[in-house]
Amino acid sequence: MLRKLFGGGRKPALVKGTHKLQDGFAKKVDVGDVLAGTGRQVVFCRIEGKLYALDSQCPHEGGRIADGPLLDGKHVTCPLHHYKFDPTTGKAVDVACPNAKAYKVREADGDAEIWL
Ligand code: FES
C-alpha cells in the first residue's frame with residue numbers, strides 16, 4: 001500500500017531543508033540534473049503546515065509556475081497568462097486547462113523525499 005502511495009517502488013530523491021519553507025509560500029528547487037534531462041524543476045509549497053510539490057512547467061503553454069507567496073495563501077500562479085493551480089492536487093483553478101503535474105512528497109525531520 002505505501003509503495004503504491006509513494007511512487008510504486010521507485011526510489012525517491014532527497015531534498016534537504018524543506019522545513020525552512022514558510023506556510024503560504026512556494027519555492028522552486030531543481031531536483032536531479034535538470035539540464036541533463038534526468039531531473040525536474042519542482043515548486044514546493046506549504047499550505048497549513050503540509051508540504052506539496054508541483055512540476056514548475058505550466059500545463060497551459062509551457063510557462064513556468066512562479067514561487068514566492070501563494071495567492072490567497074493557497075494557489076500558485078503562472079505569470080505568462082496568470083492561470084492559478086491548486087498545489088494540493090495540481091488542478092487548474094477557474095480555467096479549462098490540464099492539471100499541473102503533482103508529485104508525491106513526504107517530509108520528515110526537516111527534509112523531504114519526492115517521487116519524480
Ligand atoms: S503558459 Fe502558464 S498560464 Fe499560460
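This passage describes the confidence, strand pairing, core and one loop residue of a predicted model. Residues are numbered from 1 along each chain as its sequence is written. Because the model is predicted, local features need pLDDT of at least 70 and side-chain atom pairs count only at pLDDT 80 or more, while totals for chains, interfaces and linings use all residues.

The mean pLDDT of the chain (pLDDT being the predictor's confidence in each residue, from 0 to 100) is 93, and 92% of the residues reach 70 or more. Over residues 1–5, however, the pLDDT is below 50, and this stretch has three contacts in the model beyond near neighbours in sequence, a contact being two residues whose C-beta atoms, placed from the backbone, lie within 7 Å. Where pLDDT is low, the predicted coordinates should not be read in detail.

Strands are DSSP runs (E, at least two residues) numbered from the N terminus, and two of them pair if DSSP finds at least two bridges between them. Strand 3 (40–47) pairs in the antiparallel sense with strand 2 over six bridges, and Val 29 stands opposite Val 42 in strand 3. Strand 3 also pairs in the antiparallel sense with strand 4, again over six bridges, with Phe 44 opposite Ala 53 in strand 4. These two strands, 3 and 4, form a hairpin with two residues between them, and Glu 48 in the turn has a positive phi of about 50 degrees. Separately, three strands form an open antiparallel sheet in the order 6-7-8, in which strand 6 (76–77) and strand 8 (92–93) are the edge strands, each pairing on one side only.

The largest nonpolar core (a set of buried Ala, Val, Leu, Ile, Met, Phe, Trp, Tyr and Cys residues joined through C-beta atoms within 7 Å) has 23 residues, and those with the most contacts inside it include Val 42, Ala 53 and Val 76. The largest share of this core, four residues, comes from strand 3. Six of the eight residues of strand 3 are buried, a residue being buried if 20 or more other C-beta atoms lie within 10 Å of its own, exposed if 12 or fewer, and partly exposed in between, with C-beta atoms placed from the backbone. Ala 53 touches, among others more than four places away in sequence, Val 42, Phe 44 and Ile 114. Val 76, for its part, has Phe 85 in strand 7 as its bridge partner.

Gly 17 lies in the loop between strand 1 (13–15) and strand 2, and Gly 17 is exposed because 10 other C-beta atoms lie within 10 Å. Not counting residues up to four places away in sequence, Gly 17 touches Gly 110 and Asp 111.
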